[in-house]
Structures are given as C-alpha cells and as structure tokens.
Amino acid sequence: MKEFFRRRKTSFTTGEQPEGSPVPDDMWVKCAACRDLVYKKELNDNLKVCPKCGHHMRMSAQEWLDLLDADSFSETDAHLRPTDPLGFVSLDESYADKLVKSQQRTGMPDAVISGMGMIGGQRLALAVGDFAFMGASMGSVYGEKMSRAAERAADLGIPFLTINTSGGARQQEGVIALMQMAKVTMALTRLAEVGQPHIALLVDPCYGGVTASYPSVADVIIAEPGANIGFAGKRLIEQIMRQKLPAGFQTAEFMLEHGMVDMVVERNQLRATLGRLLRLYAGRREPVAQFMVSSEIYVNGRT
Amino acid sequence: MDETTKHAETQPHELTPWDRVQLARHPQRPHTLDYIGALCEDFTELHGDRRFGDDAAIVGGLATFAARTVMVIGHQKGSDTRENVKRNFGMPHPEGYRKAQRLMRQAEKFAIPVICFVDTPAADPKKESEERGQANAIAESILVMTNLRVPIISAVIGEGGSGGALALSVADRLIMQENTIYSVASPEATASILWRDSAKAADAARALKLTAQDLYDLRIIDEVVAEPEGGAHQASQEAIRMLGERIRSHLEIISQIEIGTLLKQRYQKYRTIGTYLEA
C-alpha cells in the first residue's frame, strides 16, 4: 500500500498565487539547493521535492493537508482570530498591519490550520504551521488552536499529528506568546492520559520556542531531510557567540545523529510511515482498510 | 488613555521599562544562593544530571524553609566576572535543566514542595548546547512541571529570559519582584529580530510589556513583590526577607490544596493564557 499525497495536482498547481502578486506564476522554479531550473509541474507532481537534487522545498499548511486521505479533512477552530494584546508599539510596521498583510498574502487568519482527517483510513487530529504567515511564529491563536486540537484528540481518543515549522515565539505578543509553550505542552498531557500518541513532524525551518516545547517531547519525532532544526539560530551562534559551525549543523541529519529525532523521512515516504506508526500505536497488524474487508471477526476479537 | 498617562499611573517611581531592565540585571542584586542562604537552613546542594555533567548555571538541593523541607532550584548568576564565567552568566546548558528535572522528580517522590528562583538572560545558545539538545531539555522541563504532583512556586528575582526562564517557571504561583523583568526574548534580541538594530532595546523593552506590573496587569503572574527603595541591590537582606515572606505565605496556601485540585488549577492557569477573537 504505497500511497502518495493525494489531490496534489489541484492544490499544487492552481490558484496558489494571490492576485496582484509581484511574482509571476512562472512555469519554472529555481531550486534553492542545486540552483537548477525545475519545471514547476514536475516539481509539484514530486511533492515539491527537487527531482534533480532531492531538496525538500517548503510547503504551505494547505499543501500539507494533502498528506491526509482524499477528502478526509475537516477543519476546526477556523474562526479564531489574532489580536494585539500588548498594543505593541513598533518602530516600523504595526503588529495589526503585519497581521492584515500576512492574512491577505496567505488567506489564513493566523499561522496554523487544525482539524481532523485520516491517514490510511485511520482517524487522527492534526495541526499544521505555515511559515509564510509571520514565520509561523507562535502567538495566542497558534497556541490555542494547537491546544484545542490536542484536547479534542484526547476527548475522541485519537492520535495527534503536528507539522511544525516556526521561527519561534511571536515577539509582538511578548510573554503571552512565550506562555503558549507551556499551554500546548499542558494540553498534550491530556492526550498522554488517554494513551494516544503525539507524532511531531519537523519541517524546514523549525526554531526557538516551538522546537523548545511540545514537538521535542512528542512520542515520535520525524524530520524531513535537510530541514534546519534547532533552538538558537545559526546567525546568533556565529555572530554573537563567535563559534564556527560545522557543515550540516542543525540539519535533520544532525538531529538524528545527536539523538534528538527518531527518524528522517523523505516526503514521498511520509504517508506510508505515518500510516504504519498509527497502526502500530493502535495495536493493529494490518492496514485498516484491508482489515475490515478480510476479517471482521478478528477485528472485533481485538477490540 | 495615552501611553504616558498609563505609564505614570502604573509606575509611581516613574522608572521606564528600560530602567527596570537595568535594575533587574544589576550585578549587586541578590542571586539565588543569596536567597537560599538567608531564607533556608540546612541547604544541601545536589549536583549533576546523571547523564552528562553538572551545570553551575543552575543550582538546587534540599533545604528547610519555614519549618519544612523544600526542594530549591534556581538559575545562578555571578556577582563578578570570575564567578560569572563559572556560572556561564546564569545561562543554563541542557544538563542544567536535566538536573532541575531530576530534582523536581525527586521532590515529587518525597512529596516535597518546589521553590524556583528565576534569574537568567536566556538558555545557553552555544553549539555544544545545541548538540546536547537544548530544545529538548527546555521542553522536558516544561513537561515535568506541568504535571508534577507537588506544589511549585516560582519567583523571578532578576531576569526572566525567554524559554530559559520558562523552564523553571511553570508553577502554581508565579511571582516577581517589582524591579524584575520577564520577556519572550531579551529587549536586545527583540529589537534585533524586529528592527534589525539591537540598539533599539529600550524601545523594545517598552513594547514588550516585560515589567512585573505589566505582567500582573496581563494576568500572567500572581503577585508583584515590593523591593526596598532604590532596588533589591540597595538593601539585599531586606529584599530577601520581603520576598521570603511572600513565598512562605503562598506556600502555606497552596500546600493545603489537595494535589488533584492543585493540578487542575495549574492546568487552567496556563491553558487560559492567550488573547484571541472567536469571529
């Protein structure tokens, strides 16, 4: 049951550019890693992985939803909107203006989409960050959506998948943003109490307060190849701490080598890997769909 | 209400947030071991994380406080350059947080309340800390504190810097001395991140709402604890006594709450932090 992301053709190739965008919807994309030009359709059909060098490009939260079984996603808490709790006095663009711009550019109210869906016929809750929305920084809405998704998963007794990419806590919400680290971690204890797993996927880039909270204590941590993952940013370490950093520092592979993640999984293997993990945590030996058809009695006997 | 009126009302001494940052960082402010030494008896420091090493940026151990055994844990800054080098300027490495976790779990095992002193610019951001899992260490500390089955009080006695501070301040009562700060990032870092200019730190300090009074108004902390005139460094023993009295009082109250109830309250305390609209 080798499955790939579904619905990708529609969501990967059409209507993703906002109207009036200064960047034209070119047919070719330059790979940031190998600098080669890649035919956009080919890239999208390849889950935004460069067909030439294997570089995993960033995906929007919307695009990540294709990780789920076709038409299985239902969104939750889409109505939550950010505010400016500190009345943040910025020296340049106000927080309110930044929010509006990000909302217009991404079509999202804030940096997280949450909901429920299925992978390989197995139900789960999920929450996905979108780096295009203010670097997927964690503020109140981010924290609340993650927390509600975790609590909902606990109430329903289903696993929880988080897809994490972030620059860290949202500066403009100050300590309120910092406290979201504790809040989401707190909510996830509910999930642990009902014996359901939290699987965290770390994608490029993932830093600061997000890495230093709930994903790093997940039951399983999966990273995408080449993803930059860390606590302190590389520039800070190099420029302020004046330390030379080795090649490959803070990559997914570095994290694996240092024991910080369970596995590095290529994007085209994610659905299969997640499906297998969900099955294993549920104590099932076979994929759900096949199971139901082949042996109903055995299923009942097990549950 | 314009900014200046509000400012004058909430800060009678007319100290700016940036002034508070300076006071919070004052090298002559009492640090964790000063508080422990003056407020506790029989302090017995426990060392090491049993995995890698012993981090001098976090100290902890058993002690007697207000006639009961407590586990005291705190960030430790130095008062001079030599001690600061030893203490890494109060910036813990992963092994520091892992030591704290070990002591907290031990406190739970023996049903001993935990008292934390928070005073750090940030978690150590060096290469070696990344290699040893700084993010994981902080996350584990937060997790341990979310459901530790003993009362926890955290007191900010200087700088509450970002995740490095949060890792010792998920607590049933979080209190701050009046000239201390607690922030998502240092004002310099925020100015650098948002405005690409760390020299704009004073502006960031104002924008971040990082003073004790700001955070009380935002319902993040439970109490602002008074300091002697001019700041804690002007009369250390008095500052220590004043904070100790408040810790004792809070400890007395939360020790009487049944642990299941206390954990529910702790959950609610953090679960309800956040400001958003339900459109």
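How many salt bridges are counted between chain A and chain B? In this predicted model, the count is 3. One of these links Glu278(B) to Arg148(A). The closest N and O atoms of Glu278(B) and Arg148(A) lie 2.6 Å apart.

Polar contacts were examined next. Across the interface of chain A and chain B, 23 residue pairs are in polar contact, with both residues of each pair at pLDDT 80 or more. Several elements of chain A supply at least two residues each to the side that touches chain B. They are the strand β4 (80-82) and the helices α5 (140-156), α6 (174-193) and α8 (234-239). Helix α6(A) gives the most, with 14 residues. By class, the side of chain A that touches chain B has 28 nonpolar, 18 polar and 10 charged residues.

The extent of the interface was also computed. On chain A, 56 residues are in contact with chain B. On chain B, 52 residues take part. The two chains bury about 4900 Å² between them. Carbon and sulfur atoms account for 70% of this buried area.

Empty space inside the model was then considered. Rolling a probe the size of a water molecule over the atoms shows where such space is left. The structure holds 2 cavities of 30 Å³ or more.

The largest cavity has a volume of about 100 Å³. It is lined by 13 residues. The closest to its centre are Ser216(A), Met255(A), Met260(A), Ala135(B) and Asn136(B). Both chain A and chain B are thus represented among these residues. Helix α7 of chain B, residues 134-146, gives the most to the lining of the largest cavity, with 3 residues. The lining of the largest cavity divides into 7 nonpolar, 5 polar and 1 charged residues.

The second largest cavity has a volume of about 40 Å³. Its lining comes from chain B. Arg25(B) and Pro121(B) belong to this lining, as do Glu159(B), Gly160(B) and Gly161(B). The other lining residues are Ile181(B), Ser183(B), Ala185(B), Ser186(B) and Pro187(B). Two strands of chain B, β5 (152-161) and β7 (181-183), give two or more residues each to the lining of the second largest cavity. The largest share, 3 residues, comes from β5(B). By class, the lining of the second largest cavity has 4 nonpolar, 4 polar and 2 charged residues.

How values were computed:
Residues numbered from 1 in each chain as written. Chains lettered and ligands numbered in written order. Predicted model: local features only at pLDDT ≥ 70, side-chain atom pairs only at ≥ 80, totals over all residues. Heavy atoms only, no water. 1 Å grid on protein atoms, 1.4 Å probe; cavity = no way out; pocket = protein on both sides within 12 Å on 5 of 7 lines; lining within 4 Å. Points joined across faces, edges and corners; volume = space filled by probe spheres on them. Helix = DSSP H or I, 4+ residues; strand = E, 2+ residues; numbered from the N terminus. Nonpolar A, V, L, I, M, F, W, Y, C, P; charged D, E, K, R; others polar. Contact = heavy atoms within 4.5 Å. Buried area = accessible area lost by both parts, 1.4 Å probe. Salt bridge = Lys/Arg side-chain N within 4 Å of Asp/Glu carboxyl O. Polar contact = N/O pair within 3.5 Å; in protein donor to acceptor, adjacent residues only side chain to side chain.
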